[in-house]
Amino acid sequence: MTNKNTRRAFLASLMALLLCVSSLLSTTYAWFTDSVTSGNNVIKSGNLDIELEYWDGDSWEDVAGKDDILTNELWEPGVTEVAYLKVKNAGSLSFKYQLGINIISETAGKNAAGETFLLSDYIQFGVVEGINGENGAYANREDAIADVTGAKKISAGYTKAASMASGDVLYLALVVYMPTTVDNTANHDGTNKPEINLGISAYATQYTEENDSFGTDYDAGAWMEAMPVYTEAELVTALNAAVGEDILVVLAKDIVLTEAWTPIGDKDAGEYFTGVLDGNGHTISGLDIASNDYDALISAAKDATIKNLTVEGTVDGVNAAGIVARLEGNSVVENCVNKVAVTGTTKAGGIVSNVTGADAKIVNCTNDADVSCSRAAAGGVGGIVGYVNGNASVDIINCTNNGAVTGTDNQTTGAVVGYAAANSSGLIAGFTNSGTITGKNYVGDGHGRWLEDANGLVLAGYCGTPANWSEAKTVDTPAELKTTLTEAAAAGSGDNTIVLLGDIDMTDTAWTPISVDGYHGAGVVTVEGNGATIKGLDAPLFAGGFAGKSGIVIKDLTIADSTIVGGNQGGGAFIDCADSMHVITLENCHLLNSSVSGERAGGLIGWCSGYAKLNDGPVKAYVTISDCSVVDSKVIGNGSAGGIAGHPGASDYTYTTIEDCLVKNVDVISYEPVSSWRTGAIVGTANNGHVVINNVTVEDVTLTQDGVTATETKLYGRFVPSGTGTLTIDGNEVLANATNAGLEAALTGSQNDVYLPAGNYTLPSVSGKDVTIAGSADTVITVNKPAYHGSDVTFEGVTVVGSGIHTGVQHVNTVTYNGATIKGEMCLYGEKVVFNGCTFELAKGQYIWTYGAKVVEFNNCTFNTAGKAILIYKDGGQIDNTVTVKGCTFNATAGDKAGAIKNQNCAAIEIDNYQSNIKLECSENTYNSNFSGEWRIKSFYNNGNTVTVNGTAYSQIAIDGKLMTIDANQNVTVN
């Protein structure tokens, strides 16, 4: 996530210091050992440069890679050790920074008396500023301990947030000691050893006093792009910094609050938390709030994300919740657990009190605490959400309430939502409840106020008692499968679950696909396959359904050895045609050794759509296909045909996600005229719906349409959004207008990540934004001289064609090529260029010139050439080259003697130090006999420029480590 503030944030972990603190079973002494793990201690971008060093007794040394910052190995009461650190602003820019020393984790021990103890209750710790170990080290431990002001237990930690001008230096002394008063209560029993992991970190970003010739406020508010939080004080600082700012806050450990909490944000003042809070699986406990309005950990959030967090404590307020009191805009609360006892006087919710605004989402959240509201008048109290405002929209997916939800005699009360105001909308799906729901009006297992039409939430998948069944039913014969599924999907049946007890052979049974009658009260039908296989099926398992609260969920089921004929609109093994159903889920479902046919055919599902009419809708259809496969099968469509789905989105209200799936050894055939191609390995047609494809593997798939076989394996057949449809593949949005003009409009507009269909394109110039372009090998992108000032560019799986020497992506930060095919000659420019798993096709006289790139990497690439391949040359400007070539294969169809040496073929890598210092690292590469060697210094100029290959410096021409001499006729002799 990037905005004008975070783009200028420079961040790195300067040091991670691991102190393993233990004690020995003894009456007189204790001990602890230490080790250090550290990363780079220098951050550089432009002229921002922060350094961290320690004094080793003789000189200042970089912290990076050192394991001897603390050296004492035998500790006893009274032992003291001091580490001297120096933080320096070595750049020309001022910056603000944050230092922290905190316990990351701790393991308790047991002493000889069998008592559990923590070393953090005994070890003392202090930080003294201004102590220079070079000329002012402490003479003895008494002086060091005496100089520590306000010594405290090591568990209290240390935080410093300040600024540094260019050239400023901060000296620190870390004083760690074991008091002489420590006795056997801290001596472990020899087996249960205590341990402390202590981390030291520093983060920096540009300071606001820098002038850009128009003023000093251009980076006002710039802050750390990711703020790791260890302490209560750091949590307060970080969350308040993210009010109105696009900032990522990440918990590094569980945090116990010791002070009454002031909720973050203030909606009356227009101050909203707008960043990302990632709990990282940790817990904030001790939350204590009383007698305020909009009380929760976060008072007001807008366009924010809160995820992976557990909160414990008590909240008592007017509008109260555990996580967020007021949720606005396109906010997301995900994977959060509330263990806060919530009491409200107007509205209360376990996760959120009030939802306002558009398209909020609450996903995979759990309320484990009691929620109550004391208002005498009508209000709302819910296990997940208390109140949904009018015109607000919220989707509540796969959430759970385990707490008691209690309202007054007039309070609308629900396990998930208390009150949904008129004109609110959204979806409740996959909800479960085990708590007691108490209140007078509109009490229910779902939401309190029951709105059946477009003026409120539509309930689907809640854990209520089905109209016909009190528990799941089991089946293990064809007759039971047919009877039970028909009953489960009938009018008025509510939500029902069927469990297969074993494999079912339908070879001798004519099957009629099951229709879920949501229009007349059928709910979500869940089929638990339990790992079973259905064989011999002659029609789709489900015809589909329509409207109401209907849905189909199928898990852990295989359909095999079947010839399945679909209907006149869809065609899929599991679902033929799903129309306006809220929940459509296939999880761990597989089609094996079968054929599927239909109008719009897919291996698993044929056609599905939401319902866009506003007078009696809309209905959002959420289609999820995960961990599924189609193997050794055939899919035949009269129109669209896809290996997994035929036509998974005919309405803007359809949201289809296909992820972690496999299509292998499958023939996909369409009888649509080839002029309108709609045959894909995954999806046949995507248009007005929203289709997301992530991490799908395609192997040995053949696509044929009207007698013509595709020249490539297309993931999708066609994408024709006549409305607002989107198609996203592995995070890259497919370009609907697949032309040069469309590509330029997308990249210069709002899109950063683009998936290009097969075709020929020219890369446009784009500045100030990072760009990813993905596609297939038949997506051919010609590179002339596009400029990408201040940007990163990534190519995924496409073919990139160079236009000759002096062409290439210019004025760029980093260019990354992943799995791309590179054709033609081009130069490399920018700070860094990386090729991962790429194939180079270079004709006679075509080379890859490192040219103006400072850092170049070739990793696991293949070079198919007619001569040399990589030229580490520079013909203008003083730019040093660092080149790494690892795990690459070089193939040449012929030898090439072009260049400064006549009697020797070119090497795979040619080096010329005319205008730059060269550093080359080669490893694990192979080359054929048409090359004279792996690398060669073909020209060496004694102009002060150096050449270093695999750590060895060379001062004359050489080949693969052997020096050469050259005569007047440009013939060489290898010495």
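## Salt bridges, a sheet and confidence: worked exercises

In this predicted model, the side chains of K302 and E328 form a salt bridge, with N and O 3.7 Å apart. Let's work outward from that pair.

**Exercise 1.** Work out which parts of the chain the K302–E328 pair ties together, and classify K302 and E328 as buried, partly exposed or exposed.

*Solution.*
- Step 1: place the two residues. K302 belongs to strand β19 (residues 298-302) and E328 to strand β21 (residues 324-328), so the salt bridge links parts 26 residues apart in sequence.
- Step 2: check K302. Its relative accessible area is 30%, which makes K302 partly exposed.
- Step 3: check E328. At 9% relative accessible area, E328 is buried, because buried means under 20%.

**Exercise 2.** Find the salt bridge between E328 and R326, then do the K473 and E487 pair.

*Solution.*
- Step 1: look at R326. The closest N and O atoms of E328 and R326 are 2.5 Å apart, and the two form a salt bridge. Both residues are buried.
- Step 2: move on to E487, which has a salt bridge to K473 with the closest N and O atoms 3.2 Å apart. E487 sits in helix α3 (residues 478-488) and K473 in strand β38 (residues 473-475), so this pair ties together parts 14 residues apart in sequence.
- Step 3: compare with the cut-offs. E487 has a relative accessible area of 30% and is partly exposed; K473, at 31%, is partly exposed too.
- Step 4: join up the shared partners. K302, R326 and E328 make one network of salt bridges. The overall count is 13 salt bridges.

**Exercise 3.** Trace the open sheet of 8 strands and say which strands stand at its edges.

*Solution.*
- Step 1: write down the order, which is β66-β68-β70-β72-β75-β78-β81-β84, with parallel pairing.
- Step 2: read off the ends. β66 (759-762) and β84 (926-927) each have a single partner strand, so one side of each has no neighbour in the sheet.
- Step 3: zoom in on β84. Strand β81 (residues 889-892) runs parallel to β84 and is joined to it by 2 bridges. T889 has T926 in β84 as its bridge partner.

**Exercise 4.** Decide where to read the model with care, using pLDDT.

*Solution.*
- Step 1: start with the whole chain. Mean pLDDT is 83, and 85% of the residues reach 70 or more.
- Step 2: look for weak stretches. Residues 1-46 stay under 50, and the model gives them 163 contacts beyond four places in sequence. Residues 221-225 are also below 50, with 28 contacts beyond near neighbours in sequence.
- Step 3: draw the lesson. Where pLDDT is low, don't read the predicted coordinates in detail.

Note on methods. Residues numbered from 1 in each chain as written. Predicted model: local features only at pLDDT ≥ 70, side-chain atom pairs only at ≥ 80, totals over all residues. Heavy atoms only, no water. Pairing = 2+ DSSP bridges. Helix = DSSP H or I, 4+ residues; strand = E, 2+ residues; numbered from the N terminus. pLDDT = per-residue confidence, 0-100. Contact = heavy atoms within 4.5 Å. Salt bridge = Lys/Arg side-chain N within 4 Å of Asp/Glu carboxyl O. Buried < 20%, exposed > 50% of the residue type's maximum accessible area, 1.4 Å probe, protein only.
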